[in-house]
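The exercises below are to be worked with the sequence and the model open. Each consists of a task and a stepwise solution.

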Amino acid sequence: MRTFSLTSFCFLLVRHVSAIGQTTCAVFQSSSQDFTFPVVQNGIATPVFVSPDDWPGVQIAASNFVADIERVTQILPSLSNVSASEGIAKSTTAIIVGTLGQSSLIEQVVNTTNLDVSSIRGLWESFIGQEVANPLPGVDSAYVIIGSDKRGTIFALYDLSEQFGVSPWYWWADVVPTEHSELFLMSSGCSHGEPTVQYRGIFLNDEQPALTNWAQQKYTNLPGLFIGGAMGTETPANASGTGSPFQSEFYSQVFELLLRLKGNYLWPAQWNSAFCVDDPLNQPLADLYGVVMGTSHEEPMMRSIPVEWTLFGDGIWDYDVNAQNIHNFWVLGVERARPYEGVFSIGMRGDGDLPIDAVNPIGTLETIIADQRQIFADIFNTTDVTTIPQMWTLYEEVEGYYEEGLTVPDDVVLLWTDDEHVDMVASPRDYKWVTSTQLSKLYEQLSLCVIRDAVRIWMLNVGDLKPYEREIEFWMALSWDSSVWNPDNVDGFVTAWAQREFKLDTSDAQTVAEVVANLTRYNARRKPELLNTTTYSLVNYREADRVVEAWDTLANVSTKIYNQLASDIQPSFFELVQHPVLASQTLGKMLIFAGQNNLRASQARLSTNELAEQVQELFEKDHDLEVEFHTLLDGKWDHMMDQTHVGYAYWQQPMTNTMPAVNRVQSRKQALPGVMRIIPEGSYGAWPGDDMFDCAQQFNCPAPTVLLDPFNPFGNVYIDVGSGGPVPFTWSATSNVSWLSVSTTNGSQSPSSTENRVFISVSDWSQLDAGSTLAQINFTAVASNQSDLLVPVMVEAQNTLPQVPSDFTGQSLRICFVESSSLGVVSFEAAHFARNTSVAGISWKVLPGLGRTLSSITPWPRDGDNGANFSAGTGPSVEYDFFVVSNITNLTVVTRLSPSLNANGPDRPLAYALQLNSQPIQTSYFIPPDSTPGGEPLAWGALTDSPQT
Ligand SMILES: *[C@@H]1O[C@H](CO)[C@@H](O)[C@H](O)[C@H]1NC(C)=O
Ligand SMILES: *[C@@H]1O[C@H](CO)[C@@H](O)[C@H](O)[C@H]1NC(C)=O
Ligand SMILES: *[C@@H]1O[C@H](CO)[C@@H](O)[C@H](O)[C@H]1NC(C)=O
Ligand SMILES: *[C@@H]1O[C@H](CO)[C@@H](O)[C@H](O)[C@H]1NC(C)=O
Ligand SMILES: *[C@@H]1O[C@H](CO)[C@@H](O)[C@H](O)[C@H]1NC(C)=O
């Protein structure tokens with residue numbers, strides 16, 4: 001049942017800032033018009049009642065609920081256990097909480113008031129809440145909160161806590177509760193039907209170094225630094241157990257967070273840990289809280305691999321040769337888990353999350369799964385094992401077995417894996433430092449799951465949990481009620497989130513949404529771990545400079561918001577926004593500056609050394625930001641940013657951060673060709689000079705030529721004038737034509753001012769004839785005791801204006817593109833089409849934010865026309881108008897595609913077709929045909945130098 005419309009969401013944005021994507025029933029003033037029920041009024045809190053026979057998880061949530069009311073109003077309501085037979089002693093108003101079929105108190109209220117609970121009876125995790133009159137003897141009026149099952153009740157309570165002003169992240173991200181002196185509920189109340197997804201979970205994975213080191217400091221007496229295998233594959237077993245810091249105190253915080261987010265399912269930390277033996281309280285406590293436990297894709301039958309097997313297993317982890325011991329190991333796992341709610345992983349992977357070592361893997365897996373089903377039958381004493389929730393993860397090569405025909409019984413949930421993790425350890429490169437996942441991407445892929453009804457289990461690999469708070473919450477929001485969300489309100493989620501977390505007005509919250517969108521877009525262009533010093537072009541399209549500028553803009557805007565926040569709100573903003581912005585900016589700039597430093601050394605520019613200093617400073621700043629995170633709030637998050645991230649050489653995290661290599665030139669020596677260096681835009685070379693970039697011959701190179709044309713998007717080209725050493729000089733630039741505009745015609749450079757950038761452009765193209773016109777600019781340097789240095793730069797102005805039909809350029813520039821002849825490129829955003837033609841009710845829809853620069857497009861609705869295929873040329877199409885001025889016969893089209901698995905199945909590979917004018921249609925099957933489950937496309941080969949784990 002999906003109960004929300006976009007309208008209610010918009011309403012939320014304007015009137016209520018403390019809850020995201022929910023129907024709202026909390027208000028902060030009484031109103032006779034809306035019929036409100038007092039929670040706290042005139043300094044008095046309405047008492048809260050729970051039946052003693054209700055679930056322990058409901059009791060825990062109820063005590064958190066009254067604590068939340070105190071967090072908001074400073075007034076703690078009384079919370080009492082009252083059974084139906086005892087009755088409530090004289091209280092004019094009451095809040096009565098309970099679970100249908102479990103709470104005798106609720107049963108009595110329903111009996112007395114004839115309240116209609118049919119809308120939730122028998123449903124999964126649903127709830128209603130409303131005011132009722134005379135629910136019990138002595139009570140005039142009560143707000144009743146009724147869950148269809150234990151988590152229905154728990155979610156009803158946390159839903160209200162959030163609306164009152166307590167963020168689910170009040171502890172995990174230090175979000176300050178919003179204070180209100182009075183609280184009311186609308187009498188008509190709040191309700192919610194079944195969630196979109198049945199099991200909505202997170203997976204604490206590859207939890208070393210950050211989460212492990214932090215937990216070690218906070219939850220054990222050991223020093224806050226855990227020395228173990230980099231992925232944690234070395235087990236620090238000691239006499240008392242696993243040595244894991246993930247004790248019940250830690251998990252209580254995780255359980256509470258998960259439930260506040262309306263999640264219900266957890267895969268625990270695994271690499272140095274074994275949930276069920278790290279602390280004997282862990283497993284029963286999860287059940288008490290109401291959390292469904294599972295184990296990861298590679299840990300079948302609710303037992304941990306590697307830790308439990310290493311400690312308690314007998315023989316090797318190979319079913320072909322050691323079946324009986326492994327079988328016994330699993331029997332214990334199922335017996336141990338039997339009393340508690342869980343979803344069992346079945347199947348098997350090899351030790352260390354590798355493929356199983358079997359002669360005939362499919363045959364062995366069939367035997368394994370049959371044996372596992374028998375274990376369920378024996379231990380649950382049932383002939384019908386389909387009532388026991390089970391799942392099988394088709395991860396890597398396992399998906400290949402499935403495709404080759406290995407099947408499992410229909411009741412087993414197939415968990416398909418996709419790279420929508422927010423954190424990952426794998427080839428070609430880990431990403432586990434800061435957020436690099438766009439919410440628009442999460443939306444695009446997860447909404448496909450909804451369309452395909454893949455809604456039994458959603459499990460998100462969240463690494464160390466922090467710093468992926470926002471991504472986790474968006475995941476939970478989509479899985480709780482996907483109908484609230486669409487491609488056009490993803491930023492609206494972040495706006496509402498920013499209002500709730502930082503108490504911002506709408507305008508500032510929208511700015512934060514823009515900051516978050518840009519931050520994740522920049523980091524998703526290429527994960528920070530994969531960036532290097534030449535990722536962004538140092539010479540073409542001003543790319544590196546524009547990336548630096550974008551980082552600076554982003555950091556400035558974020559810092560402005562940070563500075564205006566009250567000091568108690570700054571820590572949460574730092575954790576959630578400011579730190580990832582500054583840390584990403586610092587890393588991104590450091591790598592670009594190192595690239596520019598390397599290039600400038602080869603150009604004999606004195607400014608090489610300044611860039612070397614800047615790289616060093618940014619490298620130190622990177623650590624300063626880590627320290628700032630660690631010392632926040634008296635060290636509450638010490639170690640949480642331990643993750644290394646600079647100096648990756650292959651998939652595995654580097655063992656320490658290493659500064660990118662920088663160069664230095666001798667600052668007291670003059671470059672051989674003289675005091676001045678001339679570097680035109682678009683060139684690796686520098687003049688005067690002998691260099692493979694100055695000319696093919698590599699010596700006696702002619703003067704450089706720069707090209708100008710009327711459709712260059714920058715409208716000009718630049719020429720850098722740099723110092724070639726310690727000697728100060730003055731320079732002038734003189735041109736031999738009147739149509740050329742030169743931004744700076746003279747200057748002085750010295751070691752304290754090493755560089756100058758001169759922009760040249762054509763002031764009036766109509767003065768020029770069609771075709772090429774040549775000009776020359778003389779750069780002349782004058783230095784004492786040296787002869788003048790003349791460096792000519794040739795300028796070729798290519799006037800292509802007359803070639804372009806006037807009716808073409810006359811149209812909106814946004815949708816008509818003309819090639820820049822000097823760049824030889826026409827480029828347009830996917831969204832900037834001139835025509836969008838729908839077929840069978842399907843047309844192309846813009847997905848705002850998704851992608852490297854602006855947005856993406858996708859056919860919409862994606863399940864339109866019953867998912868039928870179109871043959872190339874007959875489907876919905878978009879058209880782009882462009883004009884090419886150069887005399888080319890072969891046009892290369894480069895498209896940017898958002899990564900996706902082909903979820904249609906191998907018989908219907910994803911593809912698009914492209915047609916230029918009336919030329920033949922060309923089809924692109926863009927999923928590399930050489931990719932196999934568990935493998936990587938051949939094109940990635942250069943990066944793949946280790947087995948995937
Ligand atoms: C509610 O009503 C049902 C049916 O009349 C009765 O069996 C049950 O005992 C009542 N429960 C309470 C708590 O009053
Ligand atoms: C198993 O179930 C059978 C049939 O319901 C029952 O007779 C038997 O007592 C059960 N065994 C155990 C150990 O509970
Ligand atoms: C940066 O990475 C790209 C892609 O892997 C590679 O081609 C290039 O050589 C690298 N640059 C440097 C300076 O290592
Ligand atoms: C975000 O990106 C857009 C588009 O590139 C840009 O116009 C805007 O200034 C950026 N805002 C911030 C805060 O970085
Ligand atoms: C540029 O220098 C050359 C060579 O000295 C000279 O012939 C020419 O007149 C100069 N042009 C300008 C505009 O100064």
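**Exercise 1. Backbone exceptions**

Locate the loop that holds proline 861, and state the geometry of the peptide bond that joins tryptophan 860 and proline 861.

Solution. Proline 861 sits in the loop between β30 (855-860) and β31 (877-879). Helices (H or I, at least four residues) and strands (E, at least two) are DSSP runs numbered from the N terminus. The bond between tryptophan 860 and proline 861 is cis, with omega about -5 degrees. Another cis bond runs from lysine 466 to proline 467, with omega near 0 degrees; proline 467 belongs to the loop between β17 (457-463) and α14 (469-480). Aspartate 353, in the loop between β14 (344-345) and α11 (361-379), has a positive phi near 60 degrees. For comparison, most residues other than glycine have a negative phi, and most peptide bonds are trans.

The model is predicted: local features need pLDDT of at least 70, side-chain atom pairs count only at pLDDT 80 or more, and totals for chains, interfaces and linings use all residues. Residues are numbered from 1 along each chain as its sequence is written, chains are lettered from A and ligands numbered from 1 in the order in which they are written, and side-chain values use heavy atoms, with hydrogens and water left out.

**Exercise 2. A six-stranded sheet**

Give the strand order of the open sheet formed by six strands, then identify the strands at its edges.

Solution. The order is β5-β4-β6-β8-β7-β10, with mixed pairing; two strands pair if DSSP finds at least two bridges between them. β5 (79-81) and β10 (191-192) are the edge strands; each has a single partner strand, so one side of each lacks a neighbour in the sheet. Next, take the β10 edge: β7 (residues 127-133) and β10 run antiparallel and are joined by two bridges. In one of these pairings, isoleucine 128 has serine 191 of β10 as its bridge partner.

Then add the helices. Helix α2 (residues 56-73) packs on the sheet and touches β4 (48-50), β5 and β6 (93-99), where contact means heavy atoms within 4.5 Å. The direction of α2 makes about 175 degrees with that of β4. Axes are lines fitted to C-alpha atoms, for helices over the stretch in contact, and angles run from 0 to 180 degrees between N-to-C directions. Helix α3 (residues 104-113) lies across β4, β6, β7 and β8 (141-147), at about 115 degrees to β6.

**Exercise 3. The shell around ligand 4**

List the residues around ligand 4, and find which element gives the most to the shell.

Solution. The residues, each with a heavy atom within 4 Å of the ligand, are Glu514, Asn518, Tyr522, Leu554 and Val557. Two polar contacts (pairs of N or O atoms within 3.5 Å) can be placed. A side-chain N or O atom of glutamate 514 is 2.5 Å from a nitrogen atom of ligand 4, and one of asparagine 518 is 2.4 Å from an oxygen atom of ligand 4. The protein covers 60% of the 360 Å² of accessible area (Shrake-Rupley method, 1.4 Å probe) that ligand 4 has on its own. α16 (506-525) and α17 (543-564) each give two or more residues, and α16 gives the most, with three.

**Exercise 4. Ligand 3**

Which residues are around ligand 3?

Solution. They are Asn532, Thr533 and Thr534. A polar side-chain atom of asparagine 532 is 2.2 Å from an oxygen atom of ligand 3. The protein buries 37% of the 360 Å² that ligand 3 exposes when taken alone.

Note on methods. Polar contact = N/O pair within 3.5 Å; in protein donor to acceptor, adjacent residues only side chain to side chain.
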